[in-house]
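Here is a fold to explore together, one question at a time. Have a look at the sequence and the structure first.

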Amino acid sequence: MSVRLYIGNLPQTFDSKELEGLFAAIGKGIRFKPVFDRESGGCRGFGFANVEDEKLANAVIEQLNGREFNGNNLRVERSERRESNNGGGRRNSNSSNGNSHSKRKQTKKVVHSDAPNEEAPDPRWAGELAKLKELLANQKTPV
């Protein structure tokens, strides 16, 4: 049975032949496929490798996890497979009677707002705010 490995922290631009050379140095039977961005066409920074043997998969993890590759330290670990929901994805998840909402688990949703929080300043402007406070504190005339 093949083992699927997650290969992460890849540079956006890299030569897949060079990475396949690293795999070939460890053993044969390793197939790698990077994940690409639909819009830019560049690598999204990760991919998956299918390894035919359990011992070989352990060797790949041991030898490549944390190894420097084109300026990045690779992250190699076993991939966790997604669990299917009753055999259907998003397209097929609706039940035949149209009452699919009754089966959903009720969750408390958190709504995020862009409105400023009155308790703390916006962290994007914290540095500028600190400079302004310092300038005001150093003024000779009272405000």
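Buried means under 20% relative accessible area, exposed means over 50%, and partly exposed lies in between (1.4 Å probe, protein chains only). This is a predicted model, where local features need pLDDT of at least 70, side-chain atom pairs count only at pLDDT 80 or more, and totals for chains, interfaces and linings use all residues. Residues are numbered from 1 along each chain as its sequence is written, and side-chain values use heavy atoms, with hydrogens and water left out.

Q: What percentage of the residues in the protein chain is buried?
A: The protein chain has 143 residues. Its exposed surface is about 12400 Å², with 46% supplied by carbon and sulfur atoms; such areas come from the Shrake-Rupley method with a 1.4 Å probe, and for residues only the protein chains shown count as cover. The buried share of the residues is 21%.

Q: Over which residues does pLDDT stay under 50?
A: pLDDT is the predictor's confidence in each residue, from 0 to 100. The chain averages 77, and 70% of the residues score at least 70. One stretch stays under 50 and has 3 contacts (heavy atoms within 4.5 Å) beyond four places in sequence: residues 92-96.

Q: What pattern of helices and strands does the protein chain follow?
A: Helices (H or I, at least four residues) and strands (E, at least two) are DSSP runs, numbered from the N terminus. The chain has 3 helices and 6 strands. Read along the sequence, they give β-α-β-β-α-β-β-β-α.

Q: Which strands stand at the edges of the open sheet?
A: Two strands pair if DSSP finds at least two bridges between them. The open sheet has 4 strands, paired antiparallel in the order β2-β3-β1-β6. Each edge strand has a single partner, so one side of each is left without a neighbour in the sheet; these strands are β2 and β6 (75-78).

Q: Over how many bridges do β1 and β3 pair?
A: On one side, β1 pairs with β6 in the antiparallel sense over 4 bridges, with Ile7 opposite Val76 and Gly8 opposite Arg75. Towards β3, Leu5 has Ala49 as its bridge partner. The β1 and β3 pairing is also antiparallel, and its bridges number 6.

Q: Which elements give two or more residues to the largest nonpolar core?
A: A nonpolar core is a set of buried Ala, Val, Leu, Ile, Met, Phe, Trp, Tyr and Cys residues joined through side-chain atoms within 4.5 Å. This one has 21 residues, and Leu5, Ile7, Leu10, Leu19, Phe23, Phe32 and Val60 touch the most other members. The elements are β1 (3-8), α1 (16-26), β2 (30-36), β3 (43-51) and α2 (54-64).

Q: Which residues does Val60 touch, not counting those up to four places away in sequence?
A: Val60 is among the core members that touch the most others. Its partners beyond that sequence limit are Leu5, Phe23, Ile26, Ile30, Asn65 and Val76.

Q: Is Arg4 buried or partly exposed?
A: Arg4 has its place in strand β1. Beyond four places in sequence, Arg4 contacts Phe48, Ala49, Asn50, Arg78, Ser79 and Arg81. With 30% relative accessibility, Arg4 counts as partly exposed.
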